[in-house]
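Colleague: I should like to go through this model with you before I set anything up. Could you take my questions one topic at a time?

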Amino acid sequence: ASVVSEEKILTSDGKKYFCEIDCHIAYSVERVSEAKVLGTPPQQATASGKFYTVKIKTWFDENTISSHRGNGVLQPNPRRVVIVDEQGREYPPSADGLSILQHSEANWTPLTQSLRPGESYTTDFVFDLPDGVRNPRLFITDADVVTNFLIGHENSPLHKRIYFGLDAKPVSAKR
């Protein structure tokens with residue numbers, strides 16, 4: 001199954017679904033921006049290259065549950081979020097950029113925040129990408145190591161991945 005899989009790059013209106021215990025959680029990219037500096041003095045961070053801020057929407061798809069499930073909460077499984085360039089190099093979220101973002105936004109929401117059917121929230125991630133990075137794509141996947149051994153899972157050996165394409169918009173105002 002992994003050998004015949006195909007890499008996919010979702011467009012800005014695409015959703016990537018993850019199977020949870022009794023339902024599905026969907027992720028989409030709501031906005032992408034780039035900047036050299038985040039924050040305002042004295043709480044400010046300067047990127048080594050460019051900061052990419054990616055707003056990710058997490059949605060509990062109410063159409064994927066059985067009628068017996070009810071309206072109980074679901075806590076999404078942990079995810080790994082990185083940007084991957086065209087050479088396959090991975091860039092994790094920037095600790096400095098994320099710290100500035102969390103400090104400036106009183107309601108920063110982790111991807112593991114509980115949801116009820118039909119609910120959603122957004123989470124901003126910040127990445128410090130070196131100058132000259134080509135074709136950056138966002139990769140959201142399961143953080144559980146056991147998925148590396150599941151046949152047909154995108155984390156299994158030789159399986160192709162599903163990415164989000166990123167079209168960053170420069171921002172002139174400091175965040």
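Modeller: The exchange below goes through the fold, the sheet, the cores and the surface.

Modeller: Please keep in mind that this is a predicted model.

Colleague: How many helices and strands are there in the protein?

Modeller: The protein has one helix and 10 strands. Along the sequence, the pattern reads β-β-β-β-β-β-α-β-β-β-β.

Colleague: What share of the contacts is between residues 24 or more positions apart?

Modeller: Such pairs make up 74% of the contacts with a separation of 6 or more.

Colleague: Turning to the open sheet, in what order do the strands come?

Modeller: Five strands form it in the order S1-S9-S8-S5-S6, with mixed pairing. S1 and strand S6 (90-91) are at the edges with a single partner strand each, so one side of each has no neighbour in the sheet.

Colleague: In what sense do S8 and S9 pair?

Modeller: S8 and strand S9 (residues 162-165) are antiparallel, over two bridges. Leucine 138 has phenylalanine 164 in S9 as its bridge partner.

Colleague: And which residues touch the most other members of the largest nonpolar core?

Modeller: That core has 25 residues, and the ones with the most such neighbours are Tyr27, Val54, Ile56, Val81, Phe127, Leu138 and Ile140. Two or more residues each come from strands S3 (24-40), S4 (43-61), S5 (79-84), S7 (120-129) and S8 (137-142).

Colleague: What is isoleucine 56 in contact with, beyond four places in sequence?

Modeller: Its partners include Tyr27, Val81, Leu138 and Ile140, along with Leu111, Tyr121 and Phe125. Ser28, Thr122 and Thr123 are also in contact with isoleucine 56.

Colleague: How many residues are in the other core?

Modeller: That core lies apart and has eight residues, among them Leu38, Ala45, Ala47 and Val126.

Colleague: Which side chains of strand S2 are buried?

Modeller: In S2 (residues 16-19) the side chains alternate: Lys16 and Phe18 point to one face and are buried, whereas Tyr17 and Cys19 point to the other and are not. S2 also pairs with S3 in the antiparallel sense over four bridges, and cysteine 19 has histidine 24 in S3 as its bridge partner.

Colleague: On to the surface: which residues make the nonpolar patch of about 350 Å²?

Modeller: Val3, Val4 and Leu158 make it. Valine 3 is located in the segment before strand S1 (8-10).

Colleague: Why does valine 3 count as exposed?

Modeller: Its relative accessibility is 62%, and exposed means over 50%.

Colleague: Finally, what area does the protein expose?

Modeller: The protein exposes about 9700 Å², with 51% of it supplied by carbon and sulfur atoms. Of its 175 residues, 43% count as buried.

Note on methods: Residues numbered from 1 in each chain as written. Predicted model: local features only at pLDDT ≥ 70, side-chain atom pairs only at ≥ 80, totals over all residues. Heavy atoms only, no water. Core = buried A, V, L, I, M, F, W, Y, C linked by side-chain atoms within 4.5 Å. Buried < 20%, exposed > 50% of the residue type's maximum accessible area, 1.4 Å probe, protein only. Contact = heavy atoms within 4.5 Å. Patch = residues over 30% accessible without salt bridge, like charges linked within 9 Å, V, L, I, M, F, W, Y side chains within 5 Å. Areas by Shrake-Rupley, 256 points an atom, 1.4 Å probe, with all protein chains shown as cover. Salt bridge = Lys/Arg side-chain N within 4 Å of Asp/Glu carboxyl O. Pairing = 2+ DSSP bridges.
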